[in-house]
Amino acid sequence: MIEYFFAYADSFEIHCWKEESAKFEDIINELSRVERDEDGQLFIASGQLNEKAKEFILSRSLDTKGRLKWFSLFLEKQGEALFSSEHYGVELIGYKLNAEQIAFLEKVLPGDVRRFEW
């Protein structure tokens, strides 16, 4: 799903809890041009969704159990959230999706996924 939404996004934002500083340092070390911020108990890394960032996100975003290893990952288009995977990948959110994007999600998500609103 993340790779699919790369085609529509131009930037990303990753949130890690401060006690997960090693995960945040991994992002900073690999993506040297990211902006760094803090919000309460969160470290935030954000930047342009260039080829290096795409490769990093696709190859380094999962933990040993196949779950998102960061608390949240947002893909954005022109400063607006487009798609997010939050709470370590348990919660997926699409923002202002078009019919094609909705059809894609309906195709790839299991039938028992609760859909509130696309």
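This is a working chat about the predicted model shown above.

Biologist: Start me off. How many helices and strands are in the chain?

Modeller: The predicted model has 4 helices and 6 strands. Along the sequence the pattern reads α-β-α-β-β-α-β-β-β-α. The radius of gyration is 14 Å, and the globule rule gives 13 Å for 118 residues, so the chain is as compact as a globular protein of that length.

Biologist: And what box do the C-alpha atoms fill?

Modeller: Roughly 35 × 30 × 25 Å, taken along the principal axes. As for burial, 42% of the 118 residues count as buried.

Biologist: On to the sheet. In what order do the strands sit?

Modeller: The order is 2-3-1-4-5-6. The sheet is open, and the pairing is antiparallel. Strand 2 (35-39) and strand 6 stand at the edges. Each has a single partner strand, so one side of each has no neighbour in the sheet. Neighbouring strands are turned by 20° against each other on average, direction ignored.

Biologist: What holds strands together in a sheet, generally?

Modeller: Backbone hydrogen bonds, in either a parallel or an antiparallel arrangement.

Biologist: Take strand 2 and strand 3. How many bridges join them?

Modeller: There are 5 bridges between strand 2 and strand 3 (residues 42-48), and the two run antiparallel. E35 stands opposite S46 in strand 3. D39 stands opposite L42 in strand 3.

Biologist: What about the turn of that hairpin, strand 2 to strand 3?

Modeller: The turn leaves 2 residues between the strands. G40 sits in the turn and has a positive phi of about 60°.

Biologist: Is strand 3 largely enclosed or open, and why?

Modeller: Strand 3 is largely enclosed by the rest of the structure, because 6 of its 7 residues are buried. Its other partner is strand 1. Strand 1 and strand 3 are antiparallel and share 7 bridges. There, E13 has S46 as its bridge partner in strand 3.

Biologist: Strand 1 has another neighbour, then. What joins strand 1 to strand 4?

Modeller: Strand 1 (residues 11-17) is joined to strand 4 by 5 bridges, again antiparallel. S11 stands opposite E76 in strand 4.

Biologist: How buried is strand 4 itself?

Modeller: Mostly covered. Strand 4 (residues 72-77) has 5 of its 6 residues buried.

Biologist: And which way does strand 4 pair with strand 5, parallel or antiparallel?

Modeller: Antiparallel, over 6 bridges, with strand 5 spanning residues 80-86. F74 has S84 as its bridge partner in strand 5.

Biologist: Where does Q78 fall?

Modeller: Q78 is in the loop between strand 4 and strand 5. That hairpin has 2 residues between the strands. Q78 has a positive phi of about 50°, although it is not a glycine.

Biologist: What sign of phi do non-glycine residues mostly have?

Modeller: Mostly negative.

Biologist: Is Q78 buried or exposed?

Modeller: Q78 is exposed, with a relative accessible area of 68%.

Biologist: What other non-glycine residue has a positive phi, say Y88?

Modeller: Y88 has a positive phi of about 60° and is not a glycine. Y88 lies in the loop between strand 5 and strand 6 (91-94). Y88 is partly exposed, at 28% relative accessible area.

Biologist: Switching to pockets. How much space lies in the second largest pocket?

Modeller: About 220 Å³. The second largest pocket is lined by 15 residues, and the closest to its centre are I2, L62, L68, S85 and G89.

Biologist: Which elements supply at least two residues of that lining?

Modeller: Among them are helix 3 (51-60) and strand 5.

Biologist: What classes of residue make up the lining of that pocket?

Modeller: The lining has 10 nonpolar, 4 polar and 1 charged residues.

Biologist: Last one. Where is E3, and is E3 buried or exposed?

Modeller: E3 is in helix 1 (residues 2-6). E3 counts as exposed because its relative accessibility is 54%, and the cut-off for exposed is over 50%.

Biologist: How far is the C-alpha atom of E3 from that of L58?

Modeller: The separation is 7.2 Å, with the two residues 55 apart along the chain.

How values were computed: Residues are numbered from 1 along each chain as its sequence is written. This is a predicted model: local features need pLDDT of at least 70, side-chain atom pairs count only at pLDDT 80 or more; totals for chains, interfaces and linings use all residues. Side-chain values use heavy atoms; hydrogens and water are left out. Buried means under 20% relative accessible area, exposed over 50%, partly exposed in between (1.4 Å probe, protein chains only). Two strands pair if DSSP finds at least two bridges between them. On a 1 Å grid over the protein atoms alone, a cavity is a set of points where a 1.4 Å probe fits but cannot get out, and a pocket is an open set with protein on both sides within 12 Å along at least five of seven lines; lining residues have an atom within 4 Å of a point. Grid points are joined across faces, edges and corners, and a volume is the space filled by probe spheres set on the points. Ala, Val, Leu, Ile, Met, Phe, Trp, Tyr, Cys and Pro count as nonpolar, Asp, Glu, Lys and Arg as charged, and the others, Gly among them, as polar. Axes are lines fitted to C-alpha atoms, for helices over the stretch in contact, and angles run from 0 to 180 degrees between N-to-C directions. The radius of gyration is taken over C-alpha atoms; the globule rule is 2.2 Å times the number of residues to the power 0.38.
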